[in-house]
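Me: Can you walk me through a structure? I'd like short answers.

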Amino acid sequence: MTEWLIRHFVPDADNTTSPAVRSATGQLAGIVGILCNVALCLAKGTVGVLSGSVSIVADAVNNLSDASSNIVSLLGFKLASRPADPEHPYGHGRYEYLSGLVVAALVMAIGFELVRSSIDKIVNPAATEFSAALVGVLAASIAVKFWMAAFNRNLGRRISSETLAATAIDSRNDVISTAAVLACAVISHLTGIDLDGWAGLAVGVFILWSGVGLVRDTINPLLGQAPSPELVAHIRNKIMSYPGVLGTHDLMVHDYGPGRQFASAHVEMAAEEDPRESHDLIDNIEQDFKTEDSLIVTLHYDPIVTNDPAVHDMRNWIDRAVKDIDPRITIHDLRCVPGPTHTNVIFDCVRPSDLPLGEDELRRSVAAIVSKHYPRTVCKITIDESYVSSQQ
């Protein structure tokens, strides 16, 4: 069913990095969600009112909220597909993150309302009528929501969408909450113990907790979270795969919305090679990222002296030695400027963001290690911050 909908309503569906495909996929998910949730709301609302069940009525209102969330998602994908303009040269892709945040906020609001109405039912109990229609509509709702969870999860994975992932989790929550309502209705009917309010309370707390997680997941991209380890590894491995590249560092990835990522990095190449050839290779690497990965990458050329054994040995020794402070610390861009009384050793040192040592403390610690092994040297150290996860 999912594949059939994708093939018939999403043109060029296999090109998952295309903004047009993202927009069409998001709109498909939104329209399907609106139709399903409105139908479930009407069915459950009717049965809930007739049976006097606060948990079923709350479940119906939850479906109405889900339909509102689908409208927000639909609008978010539509706005995110707008092209760049002079005021927003990086496009409008972050609208998708904002719509995901609104969906998460709506999930929390529904959880809070369900907790409130359930407590009221516990304090002021009222009889709940049990019927075949009640069982039928709740069972149908579980089946529909289970399919919707799989449907949105599938679409979300295809286009790497946090909004659709949040919608899938919300549908999964609905499966759990409706199943709990159905189970309590059956138990109450068989035992005569009214569990309607308690079932609603448990479901409401669960939805609230899930909403907190959704808010965290959708707000992280807006705050500038570290790029995924898979993306970092792919960029580094691809750069290092080109002949003549000796190393890469200072990788930075900026996220302006799904499919709108920009990256920059430094590329180390032999200083003895023709700089025009090195520059040409860097241009080719940038172009390959653009055509093969839809990723705009800007690379900086770092010439490295490779025909001086003493500098080579010093670079390797310092790189190993600083790991006694922390295994994640690295150095790069090392060069030596000899003088009559001492040699200036100039290099950059990458500091993990969670390192207990501050910049000045790290600089002094590294300089002490180097000076102890190379007494005639004076270190000129620039501390760089790591803009990818310290674990990467």
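Reply: Ask away; we can talk about charge pairs, helices and a few backbone angles. Keep in mind that this is a predicted model.

Me: Let's start with charges. How many salt bridges does the structure hold?
Reply: Nine. Side chains of opposite charge can pair when their charged atoms come close.

Me: Give me one. Which side chain does Lys-145 meet in a salt bridge?
Reply: Asp-174. The N to O distance is 2.9 Å.

Me: And where do the two sit?
Reply: Lys-145 is in helix H5, which covers residues 132-159. Asp-174 is in helix H6, residues 162-191. The partners are 29 residues apart in sequence, so the bridge ties together separate parts.

Me: Is that pair buried or exposed?
Reply: Buried, on both sides. Lys-145 has a relative accessible area of 1%. Asp-174 is also at 1%. Buried means under 20%, so Lys-145 makes the cut, and so does Asp-174.

Me: Next one. What does Asp-293 pair with?
Reply: Lys-238. Their closest N and O atoms are 2.6 Å apart. This pair links distant parts of the chain, 55 residues apart. Asp-293 belongs to helix H9 (residues 275-293), and Lys-238 to helix H8 (residues 229-240).

Me: How accessible are those two, buried or partly exposed?
Reply: One of each. Asp-293 is partly exposed at 26% relative accessibility. Lys-238 is buried at 12%.

Me: What about Arg-328, which residue is its salt-bridge partner?
Reply: Asp-326, with the closest N and O atoms 3.0 Å apart. Arg-328 is partly exposed at 28% relative accessibility. Asp-326 is buried at 11%.

Me: Back to shared partners. Which residues are joined into one network?
Reply: Lys-238, Glu-292 and Asp-293. Salt bridges that share partners connect them.

Me: H8 and H9 keep coming up. At what angle do their axes cross?
Reply: Roughly 135°, and the axes come within 11 Å. Angles over 145 would count as roughly antiparallel, and 65 to 115 as roughly perpendicular. H8 and H9 fall in neither range, so they are oblique to each other. Their crossing is right-handed.

Me: Which residues meet there?
Reply: From H8, you have His-234, Ile-235, Lys-238 and Ile-239. From H9, the partners are Ile-285, Asp-288, Phe-289, Glu-292 and Asp-293. Notice the network again: Lys-238, Glu-292 and Asp-293 are in it.

Me: New topic, helix H7. How many residues has it, and what distance does it reach?
Reply: H7 has 28 residues, 196-223. From first C-alpha to last, it reaches 41 Å. That is close to the 40 Å expected at 1.5 Å a residue.

Me: What follows H7?
Reply: Gly-224. Its phi is positive, near 90°.

Me: What is the phi of Ser-294, which is not a glycine?
Reply: Positive, about 55°. Ser-294 is found in the loop between H9 and strand S3 (296-304). At 40% relative accessibility, Ser-294 is partly exposed.

Me: And Asp-333, where does that one lie?
Reply: In strand S4, residues 330-338. Asp-333 is not a glycine either, yet its phi is positive at about 55°.

Me: Is Asp-333 buried or exposed?
Reply: Buried, at 17% relative accessibility. The cut-off is under 20%, so Asp-333 falls on the buried side.

Notes: Residues numbered from 1 in each chain as written. Predicted model: local features only at pLDDT ≥ 70, side-chain atom pairs only at ≥ 80, totals over all residues. Heavy atoms only, no water. Salt bridge = Lys/Arg side-chain N within 4 Å of Asp/Glu carboxyl O. Helix = DSSP H or I, 4+ residues; strand = E, 2+ residues; numbered from the N terminus. Buried < 20%, exposed > 50% of the residue type's maximum accessible area, 1.4 Å probe, protein only. Expected span 1.5 Å × (residues − 1). Axes fitted to C-alpha atoms, helices over the stretch in contact; angles between N-to-C directions. Parallel < 35°, antiparallel > 145°, perpendicular 65-115°, else oblique. Left-handed = near helix turned anticlockwise from the far one by under 90°. Contact = heavy atoms within 4.5 Å.
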